[in-house]
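Let's take a walk through the inside of this protein, from its packed cores to its empty spots. Have the viewer open as you read.

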Amino acid sequence: MKVPLFQVDAFTDVVFAGNPAAVCPLTAWPPDSVMQSIAAENNLSETAFFVAAGDVNELRWFTPTTEVKLCGHATLASGHVIMTEFDAAASSVRFSTRSGQLVVSRGDAQGYRMDLPAQASSPADAPEGLAAALGMEPKAVWRAGEDYLCELDSASEVVGLRPAMDALASVAARGIIVTAPGEETDFCSRFFGPAVGVPEDPVTGSAHCALAPFWAERLGKSRLTAAQLSRRGGRLVAEVAGARVILEAGCATYLRGTIEI
């Protein structure tokens, strides 16, 4: 069995930045165990698999340890692969996923626009052990779907976090988002997901489904600039449009190859 493999750096215009995702185009779905093994072997935060089904592509995402309900950067990378490798004339690509239909369309210059569902946040008590695992007490804690969102005072606090990953993995959540006002952008963030096999995600599209509405309400604006302050780092524009969040960013293809099983 041979499977095409593309590795794409998403939320960046150049390689070696943004968030790397593996993208595997398929003609039919293999057993879940095979896809999980491929994702583990790739050892990236996400590997995306898609099967063309007429005008819509069925899309699934796997971390090295589990399948997830939504992944933004691997969706962006999948749209990029389709529009650069398979259908250069396409202006947009539609995906059918566990989080509903998602659309990636061409934006300005070399960038793309990605349509994702907005995620509301509600005030929450900090789960036991969260502050100790982060190494500091958050200003406030919110629940955002499967994640906790922790508000800090400054970008320097976000950059300075050195979480204890083993302790953070014991928190009952898909991931922990930390965020604060940005220095050169409207807001900044980091994302930690050790419970799903992703200690720190470089740039997290799905986290911005919650971050964009969170900061739009506080800043009184629907279009915001964002920076994720991981080591690789990434920048994007997030626009809140009712129940949707539109993310604008670029992609860069790093690798084209073939998996042989």
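Which helix and which strand each supply at least two residues of the lining of the largest cavity? They are helix 2 (72–86) and strand 14 (198–201). One thing to keep in mind throughout: this is a predicted model.

**Empty space**

The count here comes to two cavities of 30 Å³ or more. The largest has a volume of about 100 Å³, and 14 residues line it. Among these, E46, R174, F191, D201 and T204 are the closest to its centre. The second largest cavity has a volume of about 30 Å³. Its lining is made of L168, V171, A173, R174, G175, I176, F192, G193, P194 and A195. Two elements give two or more residues to that lining, namely strand 12 (175–181) and strand 13 (187–193). R174 turns up in both places: it is one of the residues closest to the centre of the largest cavity, and it also lines the second largest one.

Here is how the two linings break down by class:

| Cavity | Volume | Lining by class |
|---|---|---|
| Largest | about 100 Å³ | six nonpolar, five polar and three charged residues |
| Second largest | about 30 Å³ | seven nonpolar, two polar and one charged residues |

**Two serines**

R174 also leads us to S206, which sits in the loop between strand 14 and helix 6. The side chains of S206 and R174 make a polar contact at 3.1 Å. Setting aside residues up to four places away in sequence, S206 touches L70, G72 and R174. Is S206 buried or exposed? It counts as buried, because its relative accessibility is 10% and the cut-off for buried is under 20%.

S189 is found in strand 13, an element that also helps line the second largest cavity. With a relative accessible area of 1%, S189 is buried too. Leaving out residues up to four places away in sequence, its contacts are V158, V178, T179, H208, L211, A227, Q228 and L229.

**The nonpolar cores**

Nonpolar side chains tend to be buried together in soluble globular proteins. In this model, the largest nonpolar core has 50 residues, and F11, W61, L76 and L247 touch the most other members. Helix 6 (residues 208–219) gives this core its largest share, seven residues. Apart from it lies another core, of 18 residues, which includes L134, Y148, I176 and V178. Two of those names have come up already: I176 lines the second largest cavity, and V178 is in contact with S189.

What does L247 touch, not counting residues up to four places away in sequence? The list is F11, Y112, R113, M114, L116, G205, H208, L236, V237 and A238. F11 and L247 are both among the residues that touch the most other core members.

**A look at L224**

L224 belongs to strand 15 (residues 223–228). It is buried, since its relative accessible area is 1%. Leaving aside neighbours within four places in sequence, L224 is in contact with D186, F187, A212, W215, A216, L219, L236, V237 and A238. L236, V237 and A238 appear in the contacts of L224 and also in those of L247. For a sense of scale, L224 and D153 are 71 residues apart in sequence, and their C-alpha atoms are 18 Å apart in space.

Definitions and conventions: Residues are numbered from 1 along each chain as its sequence is written. This is a predicted model: local features need pLDDT of at least 70, side-chain atom pairs count only at pLDDT 80 or more; totals for chains, interfaces and linings use all residues. Side-chain values use heavy atoms; hydrogens and water are left out. Helices (H or I, at least four residues) and strands (E, at least two) are DSSP runs, numbered from the N terminus. Buried means under 20% relative accessible area, exposed over 50%, partly exposed in between (1.4 Å probe, protein chains only). Contact means heavy atoms within 4.5 Å. A nonpolar core is a set of buried Ala, Val, Leu, Ile, Met, Phe, Trp, Tyr and Cys residues joined through side-chain atoms within 4.5 Å. On a 1 Å grid over the protein atoms alone, a cavity is a set of points where a 1.4 Å probe fits but cannot get out, and a pocket is an open set with protein on both sides within 12 Å along at least five of seven lines; lining residues have an atom within 4 Å of a point. Grid points are joined across faces, edges and corners, and a volume is the space filled by probe spheres set on the points. Ala, Val, Leu, Ile, Met, Phe, Trp, Tyr, Cys and Pro count as nonpolar, Asp, Glu, Lys and Arg as charged, and the others, Gly among them, as polar. A polar contact is a pair of N or O atoms within 3.5 Å; within protein, one must be able to donate a hydrogen and the other to accept it, and residues adjacent in sequence count only if both atoms are side-chain atoms.
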